Amino acid sequence: MKKYAFILLIGAILASCTGNKDQFTIRGTITGVDTGMIYLQKFDVDQWVKVDSSKLEKGVFSFKGKIVQPEMWHIAMEEKQIMLPVFIESAKINVQIFVDSIDKSIITGSSTHDIYNQYLTLNETINNKMEVVYMEWKKAKETNDSATMKRTDSVSTELDKEMKKQLQDFAKTNSKTVVSPYLVMRNSWQFELADLEDVVSAMDTSLNESQYYQALQKRIAILKSVETGQVAPDFTMNDSTGAPIALSSLKGQVLLVDFWASWCSPCRAENPNLVKAFQAYNKKGFNILGCSFDQNREKWLKAIKDDKLTWTHVSDLKGWANAAGKLYGVNSIPANVLLDKDQVIIGRNLRGEELMKKLEEIFGPAVLEKKGSKKK
């Protein structure tokens, strides 16, 4: 009888422990706001999804639920423009939000978020330098100071490299936390295939079930499918008149698939180089297919006209959810792939003089009309 009672006691304890497994609670305050609705949400695929909502009472709110792996979610209050990132995990988490300075908000109780904060602190110095350089570049652009713009572009490139190296080192040092695959995935635009494989291979197997680790593995697979030497994945998308155009229908010519958007300043700055390349080599068999990440049809068409982009253009008008962009693993623009006549990829992200040199290798000297000459 005593043995039976002991077993019941152990069972009750285990049941109690199991009941609390994977549970989280969030208790928070917002200074300066007494009432309203506040939401717990996360980004899922291409859209924000509300996980839970809470009514703010005298500046206090709370959430509770279950979560298996730590994930980056956000506490949001639209009318106050609050969007606070928080790593949610099975723990009691406390949040103190300051409306006038969201970045000064205090989050405690999540050990995963503590590691995330370590990276933010580490990254702060480079971010501050980037901000200074950007402001200098912006001012130079307003005054058409090309020399300063060129210099600041160069400095920005070096800072990007420094930031990438810092992230690589952090991810390898913190190989057992989901913060690492999360940060690498969020900044995956910085990584070519070899670098990405290197940093992911250093991650602990305990992260295999993390959505961020799985997303990195998916990205690696996509990048492998569009490496130089691979046949370009086919896609069909409507052109500027609404007619469907298949990539495969453009076989037989050397083709640059250019990913861009009307709202992308670097893309617009690169367009004159594409116009030059098109004019120089179109008669020799070179063509361009513009694939836009626009959502606004009118702005897309206006940019085509304003920049004198006389080649074929397609878009599904889904912005960053562009289907072809996903197929080619594009998460920063401008981006491009150069295809031979059989649509085998022979170059990636060729711009300016680099593109012209590649085309010269293929076609020989450029065919450029002399200034002042007229067609007969």
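A disulfide is taken here as a pair of cysteine sulfur atoms within 2.5 Å. In this predicted model, the count under that criterion comes to one disulfide, which joins Cys264 and Cys267 with their sulfur atoms 2.3 Å apart. The torsion about the S-S bond of this pair is about 75 degrees, so the disulfide is right-handed. Both partners are shielded from solvent, since Cys264 counts as buried at 5% relative accessibility and Cys267 is likewise buried, with a relative accessible area of 1%.

A further cysteine, Cys291, does not take part in such a bond, because the closest cysteine sulfur, that of Cys267, lies 11 Å from the sulfur of Cys291, which is too far. Cys291 is nevertheless buried, its relative accessibility being 0%.

The position of Cys291 can be placed within the strand arrangement, for this residue belongs to β12 and stands opposite Phe259. Strand β12, comprising residues 286-292, pairs in the parallel sense with strand β11, comprising residues 254-260, over seven bridges. Both strands belong to an open sheet of five strands with mixed pairing, in which the order is β13-β12-β11-β14-β15. The edges of this sheet are occupied by β13 (312-314) and β15 (345-348), each of which has a single partner strand, so that one side of each is left without a neighbour in the sheet. On average, and with direction ignored, neighbouring strands of the sheet are turned by 20 degrees against each other.

Key: Residues are numbered from 1 along each chain as its sequence is written. This is a predicted model: local features need pLDDT of at least 70, side-chain atom pairs count only at pLDDT 80 or more; totals for chains, interfaces and linings use all residues. Side-chain values use heavy atoms; hydrogens and water are left out. Two strands pair if DSSP finds at least two bridges between them. Helices (H or I, at least four residues) and strands (E, at least two) are DSSP runs, numbered from the N terminus. Axes are lines fitted to C-alpha atoms, for helices over the stretch in contact, and angles run from 0 to 180 degrees between N-to-C directions. Buried means under 20% relative accessible area, exposed over 50%, partly exposed in between (1.4 Å probe, protein chains only).
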